[in-house]
Amino acid sequence: MPDITVLISGSGSNLQALIDAEKKGELGGTITQVVSSSDTAYGLTRASQASIGTKTHILKNYYKGTTKEDKSEREARREKFNEDLAKLLINGDIRDTPVDGYTKPDLVVCAGWMLILSPTVLTPLEKTGITIINLHPALPGAFDGTHAIERAWKAGQSGDITTGGVMIHKVIAEVDRGAPVLVKEIDLRKDESLDDYETRIHDLEHVAIVEGTNIVLKELAK
């Protein structure tokens, strides 16, 4: 079975959808580790409860001793963070050689990972044969980046659009612009609150994350 690493930043509800699918025999791979950008993310608890190994990789630790005005220094430290993330995924640690017994993942799934993945991360993964996909709560080409759910809801309320949705897509340097793997649409209702729309989107995400992951796993098996 292909090995899967899941990247998270928060509650991990989409991670839970993947864990539940694996338990039911409905996931075409094995979640072997979870990496979080926050040490307080509840997704780490979800992973531990499922006996999945966890790691944290926290950007604020790299920024210690700097201020937002130290732009060049912070850019250099962000680049170091990116380099170390690639090593963490490929080698199991931020060192340059693989950890004994560590098997690099076949697939990395971004399931609520809130940080941009630069070429410094993506290029080494591609060179070592690791595929990476992302869940984004908007349709292709619409509402790239942050706060996509709120932005789509507002556009629906103003009548600019009538359809929202979610997609699973391949990750490239351009944020949320990689080739879609799976797209699921949902209607936008003018009589619906943001909270209610967000709930429907999250429910749709939990289905899409499993279906999209399985599509890519089948591609990798060819």
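In this predicted model, strand 2 and strand 3 (residues 53-56) run parallel and are joined by four bridges. Two of the pairings are easy to find on screen: Val 35 stands opposite Lys 55 of strand 3, and Gln 33 has Gly 53 as its bridge partner in strand 3. Between the two strands the chain passes through helix 2 (residues 42-49), and this β-α-β crossover from strand 2 to strand 3 is right-handed.

On to the other partner of strand 2. Strand 1 (residues 3-8) pairs with strand 2 in the parallel sense, over six bridges. Here the bridge partner of Thr 5 is Gln 33, the residue that is also bridged to Gly 53 in strand 3. Strand 1, helix 1 (residues 13-23) and strand 2 again form a β-α-β unit of the right-handed kind. How well covered is strand 2 (residues 30-36)? Mostly: of its seven residues, five are buried.

**The whole sheet**

Both pairings belong to an open sheet of seven strands, ordered 3-2-1-4-5-6-7, in which the pairing is mixed. Which strands stand at the edges? They are strand 3 and strand 7 (180-187); each has a single partner strand, so one side of each lacks a neighbour in the sheet. From one strand to the next, the twist averages 20°. Helix 1 packs on this sheet and touches strand 1, strand 2, strand 4 (107-110) and strand 5 (131-136). The direction of helix 1 makes about 165° with that of strand 2. As a general point to keep in mind while looking along the strands, side chains in a regular strand alternate between the two faces of the sheet.

**Helices against helices**

Three helix pairs are worth visiting in turn, and the table puts their geometry side by side.

| Helix pair | Angle between axes | Axis separation |
|---|---|---|
| Helix 1 and helix 2 | about 15° | 9 Å |
| Helix 4 and helix 5 | about 25° | 8 Å |
| Helix 6 and helix 7 | roughly 120° | within 10 Å |

Helix 1 and helix 2 are therefore roughly parallel to each other, and their crossing is right-handed. The residues that meet are Ser 13, Leu 15, Gln 16 and Ile 19 from helix 1, and Gly 43, Arg 46 and Ala 47 from helix 2.

For the next pair, helix 4 (residues 71-91) packs with helix 5 (residues 119-127) at about 25°. That angle makes helix 4 roughly parallel to helix 5, and the crossing of these two is right-handed. On the helix 4 side the meeting residues are Glu 79, Asn 82, Glu 83, Leu 85, Ala 86, Leu 89 and Ile 90, while helix 5 brings Thr 120, Val 121, Pro 124 and Leu 125.

Which residues of helix 5 are buried? They are Thr 120, Val 121, Leu 122 and Leu 125. What covers them includes helix 4, strand 4 and strand 5. Just after helix 5 comes Gly 129, with a positive phi of about 80°.

Asn 91 also lies in helix 4. Is Asn 91 buried or exposed? Its relative accessibility is 8%, and buried means under 20%, so Asn 91 counts as buried. Apart from neighbours within four places in sequence, the contacts of Asn 91 are Asp 96, Thr 97, Pro 98, Val 99 and Tyr 102.

The last pair is helix 6 (residues 148-157) and helix 7, whose axes cross at roughly 120°. Helix 6 and helix 7 are therefore oblique to each other, and their crossing is right-handed. Helix 6 contributes Ile 149, Glu 150, Ala 152 and Trp 153 to the contact, and helix 7 contributes Leu 194, Tyr 197, Glu 198, Ile 201 and His 202.

Leu 194 deserves a closer look. It is found in helix 7 (residues 194-221). Leaving aside neighbours within four places in sequence, Leu 194 is in contact with Ile 149, Glu 150 and Trp 153. Even with these contacts, Leu 194 is partly exposed, with a relative accessible area of 23%. For a sense of where Leu 194 sits, its C-alpha atom is separated by 34 Å from that of Asn 61, a residue 133 places away along the chain.

How values were computed. Residues are numbered from 1 along each chain as its sequence is written. This is a predicted model: local features need pLDDT of at least 70, side-chain atom pairs count only at pLDDT 80 or more; totals for chains, interfaces and linings use all residues. Side-chain values use heavy atoms; hydrogens and water are left out. Buried means under 20% relative accessible area, exposed over 50%, partly exposed in between (1.4 Å probe, protein chains only). Two strands pair if DSSP finds at least two bridges between them. A crossover is right-handed if, with the strands pointing away from the viewer, the path from the first strand over the helix to the second runs clockwise. Contact means heavy atoms within 4.5 Å. Axes are lines fitted to C-alpha atoms, for helices over the stretch in contact, and angles run from 0 to 180 degrees between N-to-C directions. Angles under 35 degrees count as roughly parallel, over 145 as roughly antiparallel, 65 to 115 as roughly perpendicular and the rest as oblique. A crossing is left-handed if the near helix is turned anticlockwise from the far one by less than a right angle, and right-handed if clockwise.
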